[in-house]
Amino acid sequence: MKRSNEAMVGVVILAALILVTFGTLWLQGVTLRADEREVTAAFNRVGLIKAGNAVKLRGVRIGRIREIQVAPQGDLVEVTMRIQEDISLPDDAVAIVSPESLFGDWQIEIASRDHFPEHRYANPREPDHLPGYSIPDISQLTATADRISADIEVLTERVGIAFSEETARNIASLIENVENVTQRLSDLISQQADAFSGVTEEIQVIAEEVGYAATGARQSFERINQTLAREEFSQALSDMTEVTASLRQITREMEGTPEDIRGMAVKADSTFARINSIMAGLEAGEGTLGRLLEDPTMAQEMEGTLQELQLLLSDIRENPRRYLRLSIF
Amino acid sequence: MIRLLGAPFAALGRGSTTLAEGVGRWGMLTGQTIQALRHVDVWLRLLLPQMARVGVDSVPIALFIAMFTGIVLALQASYTFTGAIPLYFVGVLVGKTMMLELGPVLTGLALSGRVGANIAAELGTMRVTEQIDALETLAYPPVAYLVVPRVLAAIIMFPVVTALAIGMGIFAGWATSIQLLDMTSAEFINGLTLFFVPFDVTFAMIKATSFGFMVASIGCFFGFTTEGGAEGVGHSTTRAVVVSSMVILVLDAFWAVTLL
């Protein structure tokens, strides 16, 4: 009986010890496997995390938080984590403290710094420590909201002071003006819409005409292509080749002509020089012709002489016997 | 008239005096128990049988209570949380409640009825049949022989039984969640581990230890102070159960205030 009591007490106590020990370890997330390693991250603050919270990589739990302690200098919080040995972390890995859900449980998410470059990470003293950042918890957000509400209260108070009856009337007037302007703009837009539709129709007509022109051009090009493809065109081309050859021959033959022309030009040049000389003499009143041009009296005399001569001739024609006496014998 | 008006005050005074006297006498017995620890040769050989009676024999009733408590907790949690809070919080509620409150308290209350009453009845019978007087006549230390093994057995075995009860309650909650609720085992375990801290277990063990000491010492006190034959034994047994149950609840609040 006594031995039975001993055995039963031993079994019950052992069962309770095993339950408490392994149950506590299991609920803490402690594994008895040795293939774990420690990683330390430095934070300016750590929010609401505590030992035993999850450590995740890409959303998958890879370990747990083992210890949280303030650095001896008091300016950083160093969090030691135990993660699976076979998990490789990113080269630029950072640790981010964040809520795991909306119900108060927190975690550390290890991620590449490139994914969250906007955070201000703590600068760890040890090179093998990860830079850490803690997302603000609800108390910080509440404090910020409190400051914002205080600012809004001040702003509201100032608006209340500035917003007098006259301001209200002005604003009402302004609103009315804006309404009128809006109405005008609406009318203008309606008119412009009509004009725009007219322009659109014209553009449509133009586009159609351009289309027709393009069709005509296409047909012309087709005809040109057809023409170019005919034998007559080839014949014409060969004829033009022959004509070109003939022109080239004529050109060669005319190559000596410029010298003759040059001689003629020299002669013409001397002739023009002489004419210039004569003209200069005439202008100077030299010679009979020059005097004639220069002296109007002579011209008048000559004119009188000519008139008398005409009278004389007329008289001769009328009375030839007065002046001509023909005798045969 | 004056006597009539003074009666309530007189009753209050008598009650206070009785309470103070009882606490004082319980304190004296506790002091004697601590002194009697030096009689190791007397109480050590009696410790194991008492541990079997207090602990091993109490395991079935403790597990039974814890099992149904776990089932009810899971069902009521899911009923409360549906549509508002994720169901994995059933695991949180079952785990936390069993570890922090219901495991130690329900086990303590159950054992106060079973162990406290048993101790008070046994020692009360020995008192009214003058067996304790006979021990004193034989120069056998009655406290070392009767009280120390029972108190020590309760101090040792209450946490053990409480731990088993907590495990059973959580297991029952888990089984209920995956069988009767729309939950997976992973969800329940996720909730169970979500807010777990090792201090939860420490807190439960501290409470269970204190409950064990109080239940056993109060049972011994009322048994030792039994008067008046069989009726007195019944009276002491009843008082032992009632007082130890009240003390358990007061201690529960005390630990919650001081440790949490």
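## A buried acid in chain B

At 4% relative accessibility, Asp200(B) counts as buried, because a residue is called buried when its relative accessible area is under 20%. The model described in this report is predicted, and the values given for Asp200(B) and for the other residues are computed from it.

The side chain of Asp200(B) meets that of Lys96(B) in a salt bridge, with N and O 2.7 Å apart. This pair links distant parts of the chain: Lys96(B) belongs to helix α4 (residues 89-128) of chain B, Asp200(B) belongs to helix α8 (residues 198-224) of chain B, and the two are 104 residues apart. Lys96(B), for its part, is partly exposed, with a relative accessible area of 22%. The bridge therefore joins a partly exposed lysine to a buried aspartate.

## The overall form of chain B

The helices α4 and α8 belong to a chain whose secondary structure consists of nine helices and zero strands. Read along the sequence, the pattern of chain B is α-α-α-α-α-α-α-α-α. The C-alpha trace of chain B spans about 65 × 60 × 30 Å along its principal axes.

Chain B has 260 residues, of which 47% count as buried. Among the contacts in chain B with a separation of 6 or more, 85% are between residues 24 or more positions apart. The area that chain B exposes is about 12000 Å², and carbon and sulfur atoms supply 70% of that area.

## Salt bridges in chain A

Over all chains, the count comes to 12 salt bridges. One of them is formed by Arg82(A) and Glu36(A), whose closest N and O atoms are 3.0 Å apart. Arg82(A) lies in strand β4 (residues 77-84) of chain A and Glu36(A) in strand β1 (residues 36-43) of chain A, so this salt bridge ties together parts that are 46 residues apart in sequence. Glu36(A) counts as buried, at 13% relative accessibility.

Arg82(A) also forms a salt bridge with Glu38(A), and here the closest N and O atoms are 3.4 Å apart. This second pair likewise links distant parts of the chain, with Arg82(A) in strand β4 of chain A and Glu38(A) in strand β1 of chain A, 44 residues apart. Glu38(A) counts as partly exposed, at 41% relative accessibility. Which residues are joined into one network by salt bridges that share partners? They are Glu36(A), Glu38(A), Arg66(A), Glu67(A) and Arg82(A).

## The contact between the chains

How many residues does each chain bring to the contact? Chain A gives 20 residues and chain B gives 26 residues. Between them, chain A and chain B bury about 2000 Å², and 84% of this area is on carbon and sulfur atoms.

Charged and polar pairings across the contact were also counted. The number of salt bridges between chain A and chain B is zero. The number of residue pairs in polar contact between chain A and chain B, with both residues at pLDDT 80 or more, is also zero.

## A nonpolar patch on chain A

The surface of chain A carries a nonpolar patch of about 460 Å², made by Leu155(A), Val159(A), Phe163(A), Ile171(A) and Ile175(A). Two helices of chain A, α2 (138-162) and α3 (165-229), each supply at least two residues of this patch.

Val159(A) is one of the residues in the patch, and its place is in helix α2 of chain A. With a relative accessible area of 47%, Val159(A) is partly exposed. Patch residues must have over 30% relative accessible area, and Val159(A), at 47%, therefore meets that condition.

## Two residues with positive phi

Most residues other than glycine have a negative phi. Arg58(A) has a positive phi of about 55 degrees although it is not a glycine. Arg58(A) lies in the loop between β2 (54-57) and β3 (60-70) of chain A, and it counts as exposed at 71% relative accessibility.

In chain B, Ala139(B) has a positive phi of about 60 degrees, and it too is not a glycine. Ala139(B) is found in the loop between α5 (131-137) and α6 (142-180) of chain B. Its relative accessible area of 67% makes Ala139(B) exposed.

Terms used:
Residues are numbered from 1 along each chain as its sequence is written. Chains are lettered from A and ligands numbered from 1 in the order in which they are written. Side-chain values use heavy atoms; hydrogens and water are left out. Patches are made of residues with over 30% relative accessible area and no salt bridge: like charges are joined within 9 Å, nonpolar side chains (Val, Leu, Ile, Met, Phe, Trp, Tyr) within 5 Å. Accessible areas come from the Shrake-Rupley method with a 1.4 Å probe; for residues, only the protein chains shown count as cover. A salt bridge is a side-chain nitrogen of Lys or Arg within 4 Å of a carboxyl oxygen of Asp or Glu. Helices (H or I, at least four residues) and strands (E, at least two) are DSSP runs, numbered from the N terminus. Buried means under 20% relative accessible area, exposed over 50%, partly exposed in between (1.4 Å probe, protein chains only). Contact means heavy atoms within 4.5 Å. Buried area is the accessible area (1.4 Å probe) that two parts lose on being put together, summed over both. A polar contact is a pair of N or O atoms within 3.5 Å; within protein, one must be able to donate a hydrogen and the other to accept it, and residues adjacent in sequence count only if both atoms are side-chain atoms.
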